[in-house]
Amino acid sequence: ALALAKSLEKLGYHCTVKTRDEWYERSRNAYSIVLRGKYACYPKIEQKYSIMWNISHPDRVKVEEYNCFDMVYAASDVIEKQLKEKIKVPVKTLMQCTDPEVMTNVNEEAEKKYELLFVGNSRNVFRTILKDLLPTEHKLTVYGDGWDEFPVKDYVEAKYMPNEQVGQAYHDAKILLNDHWDDMKDNGIISNRIFDALAAGAFIISDDMPQLHKYFEGCLVTYRDREDLKNKIEELWNNKEKLDKYSENCENISFDTIEEYCKKLIEIYE
């Protein structure tokens with residue numbers, strides 16, 4: 001939300017960022033963009049035009065909610081195809097993206113201070129990749145909250161990492177671990193961690209999904225099950241040539257930044 005606001009301000013629009021708790025307070029804003037994750041925030045009557053950008057947990061969104069908006073963006077072409085047959089408002093794909101001003105590393109030569117790194121909250125779930133990983137002979141570092149009830153708790157460095165430090169941490173990991181919530185995976189929504197981490201120059205191992213091969217083939221490694229994850233880690237651990245090749249591929253990849261997405265949003269307004 002902050003990155004969207006910053007980018008829209010650069011393009012000449014005054015922006016106000018409101019959390020879910022503040023959402024229904026009266027405002028003078030003519031347009032609204034709802035970043036639809038876990039919870040609903042409906043358009044307000046005083047606004048001229050409302051956009052929903054569904055970036056996660058699509059199973060929680062009902063047809064009636066989509067139809068309250070003037071425009072719907074979905075972070076997956078799979079969802080776009082599904083919704084075109086169900087809802088009455090226009091829908092387009094707008095995948096996750098990154099803010100290169102935030103997801104960067106200030107020290108390109110920094111040592112790989114993390115062997116295996118995972119940045120994310122539990123939300124009362126033993127996340128897939130950590131469940132498939134543990135126990136491990138490599139040093140695992142976790143930043144995130146809600147791990148006290150799981151075997152992950154002994155690996156937690158801190159419950160929170162400031163956003164401005166995340167890019168450097170991603171870069172400083174020998175292997176960054178990523179997985180997807182089941183409903184996001186089923187609906188083809190690529191985790192925003194993938195976009196952020198690639199922008200920061202990280203090497204990623206993620207659970208497998210077709211969209212990762214479609215958009216990021218050769219830039220990251222995917223695994224199928226517990227044994228495959230262990231084998232992939234061991235295969236790559238001391239193979240500098242392979243790791244360098246993935247890094248080289250990442251330098252050539254192109255995906256949208258938050259500013260480019262804001263220009264697309266403004267096209268709708270105009």
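These are my notebook entries on a predicted model, arranged by the element I looked up.

**Entry 1: helix α1**

I began with helix α1, which spans residues 2-10. I listed its buried residues and got Leu 4, Ala 5, Ser 7 and Leu 8. I then asked on which side of the axis they sit: they lie on the same side of α1, because they cover an arc of only 170° around the axis. This fits the general rule that an α-helix has 3.6 residues a turn, so residues three or four places apart point the same way. Just after α1 I noted Gly 12, whose phi is positive, at about 100°.

**Entry 2: the sheet of 4 strands**

Next I traced the open sheet that has the order β1-β2-β3-β4. I recorded 4 strands in it, with parallel pairing. Strands β1 (31-36) and β4 are at its edges, and each of them pairs on one side only. On average, neighbouring strands in this sheet are turned by 20° against each other, direction ignored. I also looked for a helix on this sheet and found α3 (residues 77-84), which packs on it and touches β2, β3 and β4. The direction of α3 makes about 165° with that of β4.

**Entry 3: strand β3 and its partners**

I went through the pairing of β3 on each side. Strand β2 (residues 49-54) runs parallel to β3 and is joined to it by 4 bridges. Within that pair, Met 52 stands opposite Val 72, and Trp 53 has Tyr 73 as its bridge partner. Strand β4 (residues 91-93) also runs parallel to β3, with 3 bridges between the two. There I noted Ala 74 opposite Thr 93.

I then checked which way the side chains of β3 go. Met 71 and Tyr 73 point one way from the strand, while Val 72 and Ala 74 point the other way. All of these are buried.

**Entry 4: Val 72**

I picked out Val 72, which lies in strand β3 (residues 71-74). Is Val 72 buried or exposed? It counts as buried because its relative accessibility is 0%, and the cut-off for buried is under 20%. Leaving aside neighbours within four places in sequence, I listed the contacts of Val 72 as Met 52, Tyr 66, Leu 83, Ile 87, Val 89, Pro 90, Val 91 and Lys 92. I also took one long separation: Ser 27 is 45 residues from Val 72 along the chain, and their C-alpha atoms are separated by 22 Å.

**Entry 5: the sheet of 6 strands**

I turned to the other open sheet, made of 6 strands in the order β7-β6-β5-β8-β9-β10. Its pairing is parallel. The edge strands I recorded are β7 (156-158) and β10 (221-223), each pairing on one side only. Neighbouring strands here are turned by 30° against each other on average, direction ignored.

For one pair I looked up the bridges. Strand β5 (residues 114-119) and strand β6 (residues 140-143) pair in the parallel sense over 4 bridges. Leu 117 stands opposite Thr 141 in β6.

**Entry 6: helices α9 and α5**

Helix α9 (residues 226-237) lies across β5, β8 (173-178), β9 (204-207) and β10. I noted that α9 runs at about 150° to β10.

In helix α5 (residues 163-171) I listed Val 166, Gly 167, Gln 168, Ala 169, Tyr 170 and His 171 as buried. What do the buried residues of α5 pack against? I found β5, β8 and α7 (192-199).

**Entry 7: Pro 100**

I located Pro 100 in the loop between β4 and β5. Pro 100 counts as partly exposed because its relative accessibility is 42%, and that class runs between 20% and 50%. I compared its position with that of Ala 200: the two are 100 residues apart in sequence, and their C-alpha atoms are 7.9 Å apart in space.

**Entry 8: cavities**

Last, I searched for enclosed space. The count came to 1 cavity of 30 Å³ or more. The largest cavity holds about 30 Å³ of space. Which residues line the largest cavity? I wrote down Ala 75, Ser 76, Asp 77, Met 95, Gly 188, Ile 190, Gln 211 and Tyr 215.

Note on methods. Residues are numbered from 1 along each chain as its sequence is written. This is a predicted model: local features need pLDDT of at least 70, side-chain atom pairs count only at pLDDT 80 or more; totals for chains, interfaces and linings use all residues. Side-chain values use heavy atoms; hydrogens and water are left out. Buried means under 20% relative accessible area, exposed over 50%, partly exposed in between (1.4 Å probe, protein chains only). The arc is that of the directions from the helix axis to the C-beta atoms. Two strands pair if DSSP finds at least two bridges between them. Axes are lines fitted to C-alpha atoms, for helices over the stretch in contact, and angles run from 0 to 180 degrees between N-to-C directions. Contact means heavy atoms within 4.5 Å. On a 1 Å grid over the protein atoms alone, a cavity is a set of points where a 1.4 Å probe fits but cannot get out, and a pocket is an open set with protein on both sides within 12 Å along at least five of seven lines; lining residues have an atom within 4 Å of a point. Grid points are joined across faces, edges and corners, and a volume is the space filled by probe spheres set on the points.
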